[in-house]
Amino acid sequence: MARNDVLVSAEWAEANLATPGLVFVEVDEDTTAYDTGHLEGAVKLDWKLDLQDPVRRDFVNKEQFEALLSAKGIANEDTVILYGGNNNWFAAYAFWYFKLYGHQDVRLIDGGRKKWELDGRPLTDAPVTRPATTYTATEQDLSLRAFRDEVVASIGQKNLVDVRSPEEFAGKILGPAHLPQEHSQRGGHVPGAINIPWSKAANDDGTFRSDEELAELYGAAGLDTDRPTIAYCRIGERSSHTWFVLSQLLGQQDVKNYDGSWVEYGSLVGVPIEVPATA
């Protein structure tokens, strides 16, 4: 996988906003960000309203995903260019999500909304409508997605990469302070997991670090490239960013994202949890 196959620069994006066959899509943690200004012609996906089942703790199913993309005017043959705030936090989540349902050509704007704004590139609040399509998705590619039983069975067998903050990894806090409603019952981490915070993969401007720097980052932390890998965080969004780095930029085989992540694992009955001893 070449970096150019999955990333575009902000400069390239601005020059291609009106190119047929490209669909720019914004996905943010702050779901109101798009409404304050977005790339010309870009459509919005709301990670909560559009990508989550309204009742079950799960994603929208294949038919719901097909209806969503059809309504947004996205066709199977389109190249989807994703971007968003917070160093592409939820844009990477959407990238993984599109791959889960089999979309062939998906890319991120390197640096996302942060880089775009730092460059002083234009935003608009003009409404965007696209002609509806008839989108066809595949069944979920479960080679990309891990569930709780696989995580438990992988202890001591696979790379388990916890991409949360060191404080979350140590069980000192249960989640970021601005997300008090999305916590687990217990703190700590999956036994044997290594802690590589997702944000270390990005430069100050939100772009991804070089392949050489990324390989050094994960190698120094103890990632065994000969083993399969499962990445997790709190609800699977930060770990999507790490999944993107490992599988799409570094080309590591057999990398899964555990979207249940610590909110699920830290509330399970009977599973092992590791908590570092306090000094």
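**Pockets and a parallel sheet: worked exercises**

The largest pocket in this predicted model has a volume of about 250 Å³.

**Exercise 1.** Work out which residues sit closest to the centre of the largest pocket, and where the pocket lies relative to the domains.

*Solution.* Start with the lining: it has 13 residues, and Trp47, Gln52, Arg57, Glu182 and Ile235 are the closest to the centre. Next, sort the lining by class, which gives six nonpolar, one polar and six charged residues. Now bring in the domains. Domain 1 (3-119) and domain 2 (145-266) both contribute to the lining, so the largest pocket lies between them.

**Exercise 2.** Describe the second largest pocket by volume and lining.

*Solution.* Take the volume to begin with: about 190 Å³. Then go through the lining, which includes Arg57, Asp58, Arg145, Phe147, Ile235, Tyr258 and Glu264. Split by class, that lining comes to five nonpolar, one polar and six charged residues. Look back at the largest pocket and you'll find Arg57 and Ile235 in its lining too.

**Exercise 3.** Trace the open sheet of four strands, find its edges, and place helix α10 against it.

*Solution.* Write down the order, β7-β6-β8-β9, with parallel pairing. The edges are β7 (194-195) and β9 (255-258), since each of these strands pairs on one side only. Zoom in on one pair: β6 (residues 159-162) joins β7 in the parallel sense over two bridges, and Val161 has Ile194 of β7 as its bridge partner. Finally, add helix α10 (residues 238-249), lying across β6, β8 (229-232) and β9 and running at about 180° to β9.

Notes
Residues are numbered from 1 along each chain as its sequence is written. This is a predicted model: local features need pLDDT of at least 70, side-chain atom pairs count only at pLDDT 80 or more; totals for chains, interfaces and linings use all residues. Side-chain values use heavy atoms; hydrogens and water are left out. On a 1 Å grid over the protein atoms alone, a cavity is a set of points where a 1.4 Å probe fits but cannot get out, and a pocket is an open set with protein on both sides within 12 Å along at least five of seven lines; lining residues have an atom within 4 Å of a point. Grid points are joined across faces, edges and corners, and a volume is the space filled by probe spheres set on the points. Ala, Val, Leu, Ile, Met, Phe, Trp, Tyr, Cys and Pro count as nonpolar, Asp, Glu, Lys and Arg as charged, and the others, Gly among them, as polar. Domain bounds come from an automatic or database domain assignment. Two strands pair if DSSP finds at least two bridges between them. Contact means heavy atoms within 4.5 Å. Axes are lines fitted to C-alpha atoms, for helices over the stretch in contact, and angles run from 0 to 180 degrees between N-to-C directions.
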